[in-house]
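The following note is offered as a colleague's reading of the structure shown below. The points are numbered for ease of reply.

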Amino acid sequence: MGQYMQTRKLGRQGLVVSAMGLGCMGMSEFYGTADEPESIATIHRAIDLGITFLDTADMYGPFTNEQLVGRAIKDRRGDVVIATKFGNERSPDGSYLGINGRPEYVRRACDASLRRLRIDQIDLYYQHRVDTTVAIEDTVGAMADLVSQGKVRFLGLSEASPATIRRAHAVHPISALQTEYSLWTRDVEENGVLDTVRELGIGFVAYSPLGRGFLTGRFQRFEDLPEEDYRRKNARFQGENFQKNLDLLHEVAAIAREKKVAASQLALAWVLGQGPDIVPIPGTKRVKYLEENARALRVALSNDEMRRIEKAFPIGATAGDRYPNMSLVNR
């Protein structure tokens with residue numbers, strides 16, 4: 001599949017990535033037990049398939065996910081586009097220190113990420129979360145300096161509001177906005193984010209396009225989640241919400257069966273079908289799920305099928321907030 005992988009442009013500054021990326025977060029933390037050999041094999045298989053847009057962040061692990069990605073690509077640097085993030089500050093023991101967008105921290109975080117990734121330039125550097133105590137102009141100004149110094153190629157934001165996006169883009173061109181987007185998280189269609197990035201020519205990177213795995217249909221009961229899995233703290237996976245969301249998924253699963261594809265492939269095809277400026281980055285740490293996700297690029301949805309899927313899982317129908325603490329999302 002490698003030579004046939006589609007590409008998509010993110011922004012107007014020249015960033016071109018594979019039409020689907022790979023989210024690496026779960027390889028190190030949050031989604032059950034880590035398995036480094038399988039994770040590295042998954043990254044290598046992704047590259048072989050042409051999925052060369054790899055997404056990580058300093059806070060994943062913390063710090064160990066960037067190190068893992070660095071080890072995996074040490075002989076493949078020219079084959080991949082590396083995206084990482086700063087701003088969710090954590091200490092080495094894993095405790096959360098808060099959101100940090102101070103210019104001096106931006107510079108320090110970038111140098112640390114470069115060391116862990118074993119590279120001399122980050123392809124796409126995101127502010128992971130917006131620090132409302134620091135003017136976005138100051139944070140992006142520091143990020144722009146990293147571009148001037150050759151440490152970073154392109155800039156991005158994550159979970160930023162339309163007003164923040166506009167202010168940031170006025171300081172230095174933003175190539176990509178990364179925000180949660182899937183059948184069960186369609187906020188960006190309503191809150192002006194998608195309209196804003198399209199008006200400004202900014203690409204959109206959809207994280208959790210499989211609804212943190214829920215849209216795959218693999219979780220039929222709360223108990224199906226591993227004991228240490230952080231999704232157990234997510235309201236969408238708890239109590240009545242879980243069942244309500246499972247009921248929504250039934251029709252999507254029925255459509256998938258009719259098309260003889262996996263529910264995950266249908267959900268990814270839906271995101272891919274929202275526009276050529278959108279790149280989903282489903283996360284997995286297993287080769288078999290990576291290969292299953294990659295096949296979504298071959299799934300064509302008609303307009304009628306798109307409407308039927310959206311009717312089955314309409315905007316706002318999902319039960320529960322997408323994060324335990326929504327105050328960390330810039331709105």
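1. The model is predicted, and one feature that merits attention is its second largest pocket. This pocket is lined by 16 residues, and W184, D187, R236, G316 and T318 are those nearest its centre. Its volume comes to about 200 Å³. By residue class, the lining comprises six charged, six nonpolar and four polar residues.

2. As to overall dimensions, the radius of gyration is 19 Å, which agrees with the value near 20 Å expected for a compact globule of 331 residues. Along the principal axes, the C-alpha atoms occupy a box of roughly 55 × 40 × 40 Å. The secondary structure consists of twelve strands and eleven helices.

3. Eight of the strands build an open sheet with parallel pairing, in the order 3-4-5-8-9-10-11-12. Strand 3 (21-23) and strand 12 (278-280) are the edge strands; each has a single partner, so one side of each lacks a neighbour in the sheet. From one strand to the next, the twist averages 25°.

4. Within this sheet, strand 8 (residues 122-127) is paired with strand 9 (residues 152-158) in the parallel sense, through five bridges. One residue to inspect here is Q127, whose bridge partner in strand 9 is L157.

5. Which strands does helix 7 lie across? Helix 7 (residues 193-200) lies across strand 10 (176-180), strand 11 (203-207) and strand 12, and runs at about 145° to strand 11.

6. An antiparallel pair is also present: strand 6 (residues 88-90) and strand 7 (residues 96-99) are joined by three bridges. In this pair, N88 has I99 of strand 7 as its bridge partner. The two strands, 6 and 7, form a hairpin with five residues between them, and G94 in the turn has a positive phi of about 100°.

7. Two backbone features in loops deserve a separate check. Most peptide bonds are trans, and most residues other than glycine have a negative phi. The bond joining G61 and P62, however, is cis, with omega about -5°. P62 belongs to the loop between strand 4 (53-55) and helix 2 (64-72).

8. The other backbone feature concerns R118, which is not a glycine yet has a positive phi of about 60°. R118 is located in the loop that lies between helix 3 (103-117) and strand 8.

Methods. Residues are numbered from 1 along each chain as its sequence is written. This is a predicted model: local features need pLDDT of at least 70, side-chain atom pairs count only at pLDDT 80 or more; totals for chains, interfaces and linings use all residues. Side-chain values use heavy atoms; hydrogens and water are left out. On a 1 Å grid over the protein atoms alone, a cavity is a set of points where a 1.4 Å probe fits but cannot get out, and a pocket is an open set with protein on both sides within 12 Å along at least five of seven lines; lining residues have an atom within 4 Å of a point. Grid points are joined across faces, edges and corners, and a volume is the space filled by probe spheres set on the points. Ala, Val, Leu, Ile, Met, Phe, Trp, Tyr, Cys and Pro count as nonpolar, Asp, Glu, Lys and Arg as charged, and the others, Gly among them, as polar. Two strands pair if DSSP finds at least two bridges between them. Helices (H or I, at least four residues) and strands (E, at least two) are DSSP runs, numbered from the N terminus. Axes are lines fitted to C-alpha atoms, for helices over the stretch in contact, and angles run from 0 to 180 degrees between N-to-C directions. Contact means heavy atoms within 4.5 Å. The radius of gyration is taken over C-alpha atoms; the globule rule is 2.2 Å times the number of residues to the power 0.38.
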